[in-house]
Each structure stands twice: as C-alpha cells, then as structure tokens.
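Biologist: I have a new model open and would like a walk through it. Can you take my questions one at a time?

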Amino acid sequence: MLPLSGGKRMEIAKGIHRIACTFGERVVYCHVIVGEERTVLVDTGMAYSPEKDIFPYMERIGLGPDRLDLVMITHSDVDHQGGNRPVRQAAPQALFACHVLDAPWIESADALIAGRYSQFEAKHNIGYGDEGKAGIARDCLSDVPMDWHLQGGERYRLGPDHYLTFIHTPGHTWGHTVVLDEPTRTVIAGEAALSSSILGVDEQPALPPTYCYIDTYESTLERLLAMDIAVYSPSHWPVQRDQAVKTFLAGSLSYCRETEQKVYQLLRETSEPLTLKEIIVRLNDALGRWPATASQDLSYPLAGHLQRLLNRGLITETTRGGWAAYQAVR
Ligand SMILES: [Zn+2]
C-alpha cells in the first residue's frame, strides 16, 4: 500500500488540499479549499474518514473543524457522504450543500441503499445481499439535512477576488456536481469522469467505471472538455494537469462510446435474448481488468447502455426465467 495517509501534505494548487481517505483496498480523495475568509470541505469520505484522515490532516495545516464554513458533497455515494454526521457534529457552524437531485440519497442512507444499491435486484437478480447492505449502512452516517440545494452555476466567495463555481456534471448520479476554484482553474472533480475503471489505493483497477446515465454522462464529458482546466483532481484517480486533463476526459468519453458498441455487437451476434448477468459475463474481459468480485458493478454502465440502445430502437427487452433479457432488432 502506498503511504497516502499519515502526514503527507498535498497542496495541489494554492490553498487546495487533497486528503487521501483510505477504505480497504480503495481510496477517496476529499478536499479542503482554504481562502482568506472562508474554508470549504468537499466530500466527507466514509463514516470513519473525518476522524481517521480528514481532521488529522486539517490539524497538521493548522485548521480545526471550527474553521469550516461549507461542506459540499459532490454526489450520493457512501464514500463521499458517509462522514457527514461526524463532520456536522464537529463543525455545527458549517452549512451543508449538494445538488437538489442528489439530496434525497445523501440525507438518508436508507434511501441510498434502497435506491442506488438495490436498483438491479428485482429486474436483474444482481445486488449486494443483506450483509453487503448492512456494511454500507455502517459506513454511511449521512443523516444530515442539506442546508443549501444547488442547481449548478452558483458561485461561493472565499475571499477577495476568490470564488468557487459549482458545476452540475450528471452521469455517475443525477445530481453530480464539481467545484471549480476560479483563480487556479482547479476542478475538484469527484466522479464526473470515470476513465476506464475506478482505481484502488495501488492505482490499479478496483472497480468498473460506474457511470449510469449515458446521455448526460457524455454531455458532462463534452462540457468539461470545452473548459480551460489547469488542474483536475478526481476522487479515485491521480491529479491530472494541463494537457493530461483533456486526455483523461477524452479517454473516458471514448471508453463509454466503445462500450455501447460492444454491447450492441454482442446482442447482434447472439440469437437468444441475454440477461444483464449474461452480458456482464460475456463482456467483462473486453471491458477491463478488475477483481472478479467487482464485475457485478458493470451493471451500472451496462444497464445505462441497454437503456440507451432501447431508446435508440436498436434492441428490445423481454424476459427469460423471470429476469429482463435483451436482443438486437433484426
Ligand atoms: Zn466514489
């Protein structure tokens, strides 16, 4: 394991600190943005991340939790919102903000588990099981009401001539939102772009890229590609700078387009309708290399692609053995 935590200061641009919060074999980078007058925390990690990683880092740069003015959550996922309650308890003066579309799944771990993490059970027989969901519930202490519902485009002042802009970047979730630090042209990017896999703490693929809603995901990537970004700091990937930013975003976009082609090609070549489980088994090796137990998370992007192929009229949906199954229109 790389020495990500434990004392390493990482200021990626003036006043912007990238804090490694490890969980198992994975890592989520939370950020503290320090302005002359205001201080913002972006994402709170898992339930234990504030005590284990975020507050110790802040202490090392001379910031107590009482210095936080705003806590912004990029999107509804356990590893980005799980520490909300501990942060609220340590920093009761700080306002909490997230996009209005993600607020229901951020303010309630039960809603997140019933919505996001159980969405493939009834139709596709794919899920995390009771034990998996109990683990998510333990790691997700996020029952904190959001004080401020964002819609994208809002600006927040940190000091003289220093503003953040919140940019709505849906695709991984409906309300995913990134933070642009205007003076340094740094984007705190969350999972707006998911490359060709989510990386673990060793920077090797740990999970498939879990984008969900293809049309909005592609629009997000095109929007970010059109921006002049100097520093791009995503939640599960290394910091990208200058030209590497566009390479990272363009790579994410081409992976998405190529994956849709692979799904369509498979359904054209197969005479029987295929379930999502069967599609995952057949395409897994062509889509990336991650631990075998992570393959089922291909359900997020592949369900998205199946929905768009249905929208495009290129495939039809039927049932086989009680589960949804798909075939190409002949
Ligand atoms: Zn994440």
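Modeller: What follows goes through the domains, the empty spaces and two of the sheets of this predicted model.

Biologist: Start with the domains. What is the chain divided into?

Modeller: The protein chain is split into domain 1, residues 11-252, and domain 2, residues 255-328.

Biologist: How many Å separate the centres of domain 1 and domain 2?

Modeller: The two centres, taken over C-alpha atoms, are 28 Å apart.

Biologist: And how many residues are in contact across the two?

Modeller: On the domain 1 side 30 residues make contact, and they meet 28 residues of domain 2.

Biologist: On to pockets. What volume does the largest pocket have?

Modeller: The largest pocket holds about 830 Å³ of space. It is lined by 32 residues, and the closest to its centre are F23, R26, Y128, L207 and D297. The elements that give two or more residues to this lining are α2 (78-81), α7 (129-139) and β13 (205-207).

Biologist: Which of those elements gives the most to the lining?

Modeller: Helix α7 does, with 4 residues.

Biologist: How does the lining of the largest pocket divide by class?

Modeller: There are 13 nonpolar, 10 polar and 9 charged residues in the lining of the largest pocket.

Biologist: Where does the largest pocket lie, and why do you place it there?

Modeller: The largest pocket lies between domain 1 and domain 2, because both domains give residues to its lining.

Biologist: What about the second largest pocket?

Modeller: The second largest pocket has a volume of about 320 Å³. Of its 20 lining residues, C212, Y213, A303, G304 and Q307 are the closest to the centre. Two or more residues come from each of α6 (121-124), α8 (214-225) and α11.

Biologist: Which element gives the most there?

Modeller: Helix α11 gives the most to the lining of the second largest pocket, with 8 residues. By class, that lining has 10 nonpolar, 6 polar and 4 charged residues.

Biologist: Which domains does the lining of the second largest pocket draw on?

Modeller: At least three residues come from each of domain 1 and domain 2.

Biologist: Now closed spaces. How many cavities of 30 Å³ or more does the structure hold?

Modeller: The structure holds 1 cavity of 30 Å³ or more. The largest cavity has a volume of about 40 Å³.

Biologist: Which residues line the largest cavity?

Modeller: The lining is R116, Y117, S118, F120, I126, G127, Y128, Q296, D297, S299 and Y300. By class, that makes 5 nonpolar, 4 polar and 2 charged residues. Y128 and D297 also belong to the residues closest to the centre of the largest pocket.

Biologist: Where does the largest cavity sit relative to the domains?

Modeller: Domain 1 and domain 2 both give residues to the lining of the largest cavity, so it lies between them.

Biologist: Change of topic: sheets. What is the strand order in the sheet with β16?

Modeller: That one is an open sheet of 3 strands, ordered β16-β18-β17, with antiparallel pairing. The edge strands are β16 (274-275) and β17 (315-320), and each pairs on one side only.

Biologist: How many bridges pair β16 with β18?

Modeller: Strands β16 and β18, the latter covering residues 323-328, pair over 2 bridges in the antiparallel sense. The bridge partner of T275 in β18 is A325.

Biologist: Which strands does α9 lie across?

Modeller: Helix α9, residues 243-269, lies across β16, β17 and β18, and runs at about 85° to β18. Helix α11, residues 299-311, lies across β17 and β18, at about 120° to β17.

Biologist: And the sheet with β8 in it, how many strands form it?

Modeller: That open sheet has 6 strands in the order β8-β9-β10-β11-β14-β15, and its pairing is mixed. Its edge strands are β8 (155-159) and β15 (240-241), each pairing on one side only.

Biologist: What joins β8 to β9?

Modeller: There are 4 bridges between β8 and β9 (residues 162-168), and the two strands run antiparallel. R155 stands opposite T165 in β9. The two strands form a hairpin with 2 residues between them, and D161 in the turn has a positive phi of about 55°.

Biologist: And at the other edge, how do β14 and β15 pair?

Modeller: Strand β14, residues 231-234, pairs with β15 in the antiparallel sense over 2 bridges. The bridge partner of Y232 in β15 is Q240.

Note on methods. Residues numbered from 1 in each chain as written. Predicted model: local features only at pLDDT ≥ 70, side-chain atom pairs only at ≥ 80, totals over all residues. Heavy atoms only, no water. 1 Å grid on protein atoms, 1.4 Å probe; cavity = no way out; pocket = protein on both sides within 12 Å on 5 of 7 lines; lining within 4 Å. Points joined across faces, edges and corners; volume = space filled by probe spheres on them. Nonpolar A, V, L, I, M, F, W, Y, C, P; charged D, E, K, R; others polar. Domains from an automatic or database assignment. Pairing = 2+ DSSP bridges. Contact = heavy atoms within 4.5 Å. Axes fitted to C-alpha atoms, helices over the stretch in contact; angles between N-to-C directions.
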